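User: I'm new to reading protein models and I'd like to learn how to do it. Could you walk me through one, feature by feature?

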Amino acid sequence: MKNTHSNTNSFILIIGIIFIAYNLRPSITSVGPLIGVIRTDLHISNGVAGMITTLPLIAFALLSLAAPKIGRKLGNELTIFISLLVLMFGIIIRSSGALGLLFLGTALIGMGIAICNVLLPAIVKQSFPLKVGIMTSVYSTSMGICAATASGISIPLAKSFGLGWQKSLLVWAIFAGIALVIWFPQLLKSKSTRPIHNTGLSSVNMLRSKLAWQVTLFMGLQSVLFYCPIAWLPQILIAKGLSVEASGWMLSFMQFSGLPASFLTPMIAGKMNNQRGIVLIIGSLFFASLIGILIGGGSGFLTFCVVLLGIGQGASISLALTMLSLRAADAAQASQLSGMAQSLGYLLAAIGPILIGLLFDITLSWTTPLITLIIVTVALTAAGLGAGRNVYIAGKSPVSSKLGF
């Protein structure tokens, strides 16, 4: 009877994690296709409109370091619940149509997502210590599915269904509300009110750990290789000869093509003694895709390159999330490492698209920006080879690294 009760609690927790993951990207990825409509409706410049997508990333960078401390004080479960409330409220007020509330709501959205981003790996480490791989697969893939879907349906919701950009963006508040209801049972468990326990290894100074910096750089550089194409891939493909419509669909296609890799990578990584082989494959995917786009070719060849890019992105984000748990000795340490890695990661993600745009403005060519991303790929691979070692941040080797199942 007790085992049945435990299985039920675990199932409810897993469903809660999935619905939290559903909320970590669509309120951001749904904005990109609507930027032009929003800019015209509110009479704002391209620069101001760009802040709508950049502001959440800045919030991620600023709040990620604070998230573990908040989680220790309130308990991870309660902190995530409050963050979902902030996210839902941000979506609602962003959709009011007023410029000031648009930016306030966007900032709140970034705050809510930032804390959930950091604490989910700690929840996984705490509740499923022997199933890190499969659980990371589940929530990273759930996150990717909703992110890609949001990019694809924003325009149809706004135009075909006549919702306008405000109600099209408001739709995602429904998902936040559902996640709140599903997550509520976690607040009723006694452990939810207590800070997470540790094994005595959690007092490691992350800033002095070489391994922590390698994990952080891997997280940050893979973010650059995701958000730069998100911002500029359509323009690059147009310059290579694709139509405006085709280049737009390529963006959604890129995200969907990475979903299988996003699901499989953590399960494979969790069953390996180290993850260096996976890092080399990811680096090769990015390198081949970017070289191919740089060289250019017909639509078929460019589509192939975009598929490789999407696979690399899906594998790299899920591996980065898996490393946050595999390289940590306990939930508290996973939370601290997650905060450090995601803070710098999203700072780089915010800077990356701006830098690529500046390089294009200076050179009036996509050659230098693409070469820059190839250099980032080399740095990503180097950082990943260090981060993929089978050791904890504290410098000790795990008793067993086979945590996939």
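## Reading a helical model

Analyst: Let's start with one residue. L237 is buried, as its relative accessible area is 0%. Keep in mind that this is a predicted model.

User: What cut-off makes a residue buried or exposed?

Analyst: Buried means under 20% relative accessible area, and exposed means over 50%. L237, at 0%, therefore counts as buried.

User: Where does L237 sit, and which residues does it touch?

Analyst: L237 is part of helix 11. If you skip the neighbours within four places in sequence, L237 is in contact with L242, S247, M250, L302 and V306. You can also compare sequence and space: G248 is eleven residues from L237 along the sequence, and their C-alpha atoms are 9.1 Å apart.

User: Let's zoom out. How many helices and strands does the protein have?

Analyst: The count is 17 helices and zero strands.

User: How do I judge the overall shape?

Analyst: One way is to set the radius of gyration against what a compact globule of that length would have. For 405 residues that would be near 22 Å, and the protein's 20 Å agrees with it. Another way is to box the C-alpha atoms along the principal axes, which gives roughly 60 × 45 × 35 Å here.

User: What share of the residues is buried, and what is the surface like?

Analyst: Of the 405 residues, 56% count as buried. The accessible surface is about 16200 Å², and carbon and sulfur atoms account for 71% of that.

User: What can contacts tell me about the fold?

Analyst: You can ask how far along the sequence the partners are. Take the contacts between residues at least 6 apart in sequence: 83% of them join residues at least 24 apart.

User: And how many positive and negative side chains are there?

Analyst: There are 23 positive and 5 negative side chains. The centres of those two sets are 17 Å apart.

User: Next, the inside. Which residues have the most contacts in the largest nonpolar core?

Analyst: That core has 95 residues, and those with the most contacts inside it are I17, I20, I80, L84, W183 and L319. Its largest share, 14 residues, comes from helix 11 (residues 210–239). Apart from this core lies another one of twelve residues, including L42, I44, L102 and W165.

User: Can we look at one of the well-connected residues?

Analyst: Sure, take I17. Leaving out neighbours within four places in sequence, I17 is in contact with L120, I123, F128, M135, Y139 and W183. Next along is I18, in helix 1 (residues 2–22). I18 is buried at 15% relative accessible area, and beyond residues up to four places away it touches V138 and S142. For a long-range view, I18 and N205 are 187 residues apart along the chain, with 31 Å between their C-alpha atoms.

User: What about a buried residue in helix 17?

Analyst: Try T381, which lies in helix 17 (residues 367–387). T381 has a relative accessible area of 15%, so it is buried. Setting aside residues up to four places away, T381 touches V279, L280 and G283.

User: What does a residue that is neither buried nor exposed look like?

Analyst: L101 is partly exposed, with a relative accessible area of 35%. L101 is found in helix 7 (residues 99–127). Not counting residues up to four places away, L101 touches I93, R94 and S96.

User: Why would a positive phi catch my eye?

Analyst: Because most residues other than glycine have a negative phi. H43 is not a glycine, yet its phi is positive, about 55°. H43 sits in the loop between helix 3 (35–42) and helix 4 (46–63), and at 72% relative accessibility it counts as exposed.

User: Where is L364, and what is its phi?

Analyst: L364 has a positive phi near 55°. L364 lies in the loop between helix 16 (331–363) and helix 17. With a relative accessible area of 67%, L364 is exposed.

User: And R208: buried or exposed?

Analyst: R208 counts as exposed, at 75% relative accessibility. Look for R208 in the loop between helix 10 (172–183) and helix 11. R208 and L55 are 153 residues apart in sequence, and their C-alpha atoms are 29 Å apart.

Methods
Residues numbered from 1 in each chain as written. Predicted model: local features only at pLDDT ≥ 70, side-chain atom pairs only at ≥ 80, totals over all residues. Heavy atoms only, no water. Helix = DSSP H or I, 4+ residues; strand = E, 2+ residues; numbered from the N terminus. Rg over C-alpha atoms; globule rule 2.2 N^0.38 Å. Buried < 20%, exposed > 50% of the residue type's maximum accessible area, 1.4 Å probe, protein only. Contact = heavy atoms within 4.5 Å. Areas by Shrake-Rupley, 256 points an atom, 1.4 Å probe, with all protein chains shown as cover. Lys, Arg positive; Asp, Glu negative; His and termini not counted. Charge placed at Lys NZ, Arg CZ, Asp CG, Glu CD. Core = buried A, V, L, I, M, F, W, Y, C linked by side-chain atoms within 4.5 Å.
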